Amino acid sequence: MDRIRIVGGKSLNGHIRVKGAKNAVLPLMAAALLTEDEVVLRDVPNLSDIRTMTDVLIHLGAEVSFEGDVLRIKANNINKFDAPYELVSKMRASFWVLGPLVGRFHQAKVSLPGGCAIGTRPVDRHLYAMEQLGVNIDIQNGYVLATGKPKGNKIYFQIKTVGGTMNALMAAVLADGTTEIINAAAEPEVTDLARCLVEMGADIKGIGTQRLIVNGVESLHGTSHTVVPDRIEAATYAVAAGITQGQLYIENAHLYLMEDVVFSLCYMGLDIFEKDNGIIVKGADCRLKATDITTEEFPGFPTDVQAQMMALMCLAEGTSTVTENIFENRFMHVQELVRMGADIRLQGSRTAIVRGVPQLSGAQVMASDLRASAALVLAGLAAKGETLVSRIYHLDRGYDHMEEKLRVCGADIERIKIKSEE
Ligand code: EPZ
């Protein structure tokens, strides 16, 4: 149970490289189950979520190796078709083995994930997609039992779902006939999965749009795929430059993956432009201007940057409004930011009103989920005095060596190893 200790007030200057997106790697790992050939994923970050997905694949019988940033998966000896509760409850993306297992082996037994710190997060739409493909779904003792070979059909998602679209795609690529996925999620990580599936021999049209057409093929083969850059990691470091009035070159960050975040940051007063294979983010010399954001599906403002953006708004001049449209309970960071001197009021469960204050002060705070942890670290970088962030195992799920990357750019930040925590 490590903690992060930050002494705030240092301006960050330097170079940070972001790796492939965690939220792309996890489904790509599941997709490797669709072929007996080796799938090689490149630019993979070293994260605990990747290790959990590795455990799931090894449990199923796959061979997995991870050296440097190259992950190799060979699923030529799958001898189990279940994802147990112990692994799915640790990380809900484990549920995404459902689609590929059903697609290739026509059977799966996957634990229902249950709720988590940001909302109830049901999987009803994943199951609806499987049923539309003619897969028989039964729920028994907390597990989804899925049987039958998928057959092409229309899948209409009433609300967009990233994971649901990915599961549907992975079940449809080896199905008999044609599947049409309507109102599909078009997040870059979904697009990356679709592209990788095509590299493996799948026939998918409409990639990057909300209507995907999948013509089922007999089998898929291996590939070597470089993972799409992590737009959320990039946005987090862009906020770090802004909140410390510094300047960062964020390599492997691309504007087309994060336009809405960049618009909001520039409106607040940051200067952001492309350079070489990345972006330069320059903080402002004066106080930033307040702004309003509403989280939406891609290309709208991502829910995964909402908490980090709120940390920045805490110090802006004027009143900002944050409306969270994707998850019903994603404001757990608010009370922790308030402990650091922020002036934030919740209006119902979906809106936060942030009145900017001139200075935050360091405090002991507790992370509740991955992006909330990042927001607390960002607030700590700007706060006066010492901030101690506990429960940072959340941070290790999604940020590869965050404190080292920040320290190299001038942050006074360290990880404190603690044996046990209350
Ligand atoms: C993915 O979660 C990401 N997770 C999340 O990132 C991200 O916040 C989210 O997409 C939205 O962009 C991974 O990629 C591992 P959804 P996912 O299905 O697929 C509701 C992070 O910090 N819903 O698009 O689970 C759901 O409750 C994480 O990296 C249903 O009601 O998100 C939510 O309100 C957190 N029924 C909304 O839809 C369903 O069957 C969108 O969820 C499925 C979803």
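A polar contact, as I use the term in these notes, is a pair of N or O atoms within 3.5 Å. I also note at the outset that the model is a predicted one.

**Entry 1: the ligand**

I began with the contact at Thr161, where an N or O atom of the side chain is 2.7 Å from an oxygen atom of the ligand. That distance of 2.7 Å falls within the 3.5 Å limit, so I enter the pair as a polar contact. I then looked at two contacts made through the backbone: a polar backbone atom of Arg125 is 2.7 Å from an oxygen atom of the ligand, and a backbone N or O atom of Ile326 lies 2.6 Å from a ligand oxygen. On its own the ligand has 830 Å² of accessible area, and I find that the protein covers 88% of it.

Which residues are the closest to the ligand? Of the 22 residues that surround it, the closest are Asp124, Arg125, Thr161, Asp304 and Ile326. I sorted this shell by class and obtained 9 nonpolar, 5 polar and 8 charged residues. When I traced the shell back to the helices, I found that α1 (22-31), α5 (124-132), α6 (162-172) and α12 each supply at least two of its residues, and that α5 gives the largest share, with 3 residues.

**Entry 2: the second largest pocket**

I next turned to the second largest pocket, which holds about 290 Å³ of space. It is lined by 17 residues, and those closest to its centre are Ile243, Gln245, Leu315, Pro358 and Ala382. Helices α8 (231-243) and α12 (370-382) each contribute at least two residues to this lining, and α12 is a helix that I had already met in the shell around the ligand. By class, I record 9 nonpolar, 6 polar and 2 charged residues in the lining of this pocket.

**Entry 3: the cavities**

How many cavities of 30 Å³ or more are there? The count comes to 2. The largest cavity has a volume of about 60 Å³ and is lined by 13 residues, with Arg231, Leu257, Met258, Val261 and Pro302 nearest its centre. Both α8 and α9 (259-268) supply at least two residues each to its lining, which I divided into 9 nonpolar, 1 polar and 3 charged residues.

For the second largest cavity I noted a volume of about 30 Å³, and its lining consists of Ala21, Lys22, Asn23, Glu189, Asp230, Ile232 and Arg371. By class, this lining has 2 nonpolar, 1 polar and 4 charged residues.

**Entry 4: the whole chain**

Stepping back to the chain, I counted 14 helices and 24 strands. The C-alpha trace spans about 60 × 45 × 40 Å along its principal axes. I compared the radius of gyration with the value for a compact globule: with 422 residues such a globule would have one near 22 Å, and the chain has 21 Å, so the two agree.

**Entry 5: two places in the backbone**

Where is the cis peptide bond that I looked up? It joins Phe298 and Pro299, with omega at about 10°, and I place Pro299 in the loop between β18 (292-294) and α10 (306-313). I also looked up His106, which is not a glycine and yet has a positive phi of about 60°; His106 sits in the loop between α4 (98-105) and β7 (107-111).

Conventions: Residues are numbered from 1 along each chain as its sequence is written. This is a predicted model: local features need pLDDT of at least 70, side-chain atom pairs count only at pLDDT 80 or more; totals for chains, interfaces and linings use all residues. Side-chain values use heavy atoms; hydrogens and water are left out. On a 1 Å grid over the protein atoms alone, a cavity is a set of points where a 1.4 Å probe fits but cannot get out, and a pocket is an open set with protein on both sides within 12 Å along at least five of seven lines; lining residues have an atom within 4 Å of a point. Grid points are joined across faces, edges and corners, and a volume is the space filled by probe spheres set on the points. Helices (H or I, at least four residues) and strands (E, at least two) are DSSP runs, numbered from the N terminus. Ala, Val, Leu, Ile, Met, Phe, Trp, Tyr, Cys and Pro count as nonpolar, Asp, Glu, Lys and Arg as charged, and the others, Gly among them, as polar. A residue is near a molecule or strand if one of its heavy atoms lies within 4 Å of it. A polar contact is a pair of N or O atoms within 3.5 Å; within protein, one must be able to donate a hydrogen and the other to accept it, and residues adjacent in sequence count only if both atoms are side-chain atoms. Accessible areas come from the Shrake-Rupley method with a 1.4 Å probe; for residues, only the protein chains shown count as cover. The radius of gyration is taken over C-alpha atoms; the globule rule is 2.2 Å times the number of residues to the power 0.38.
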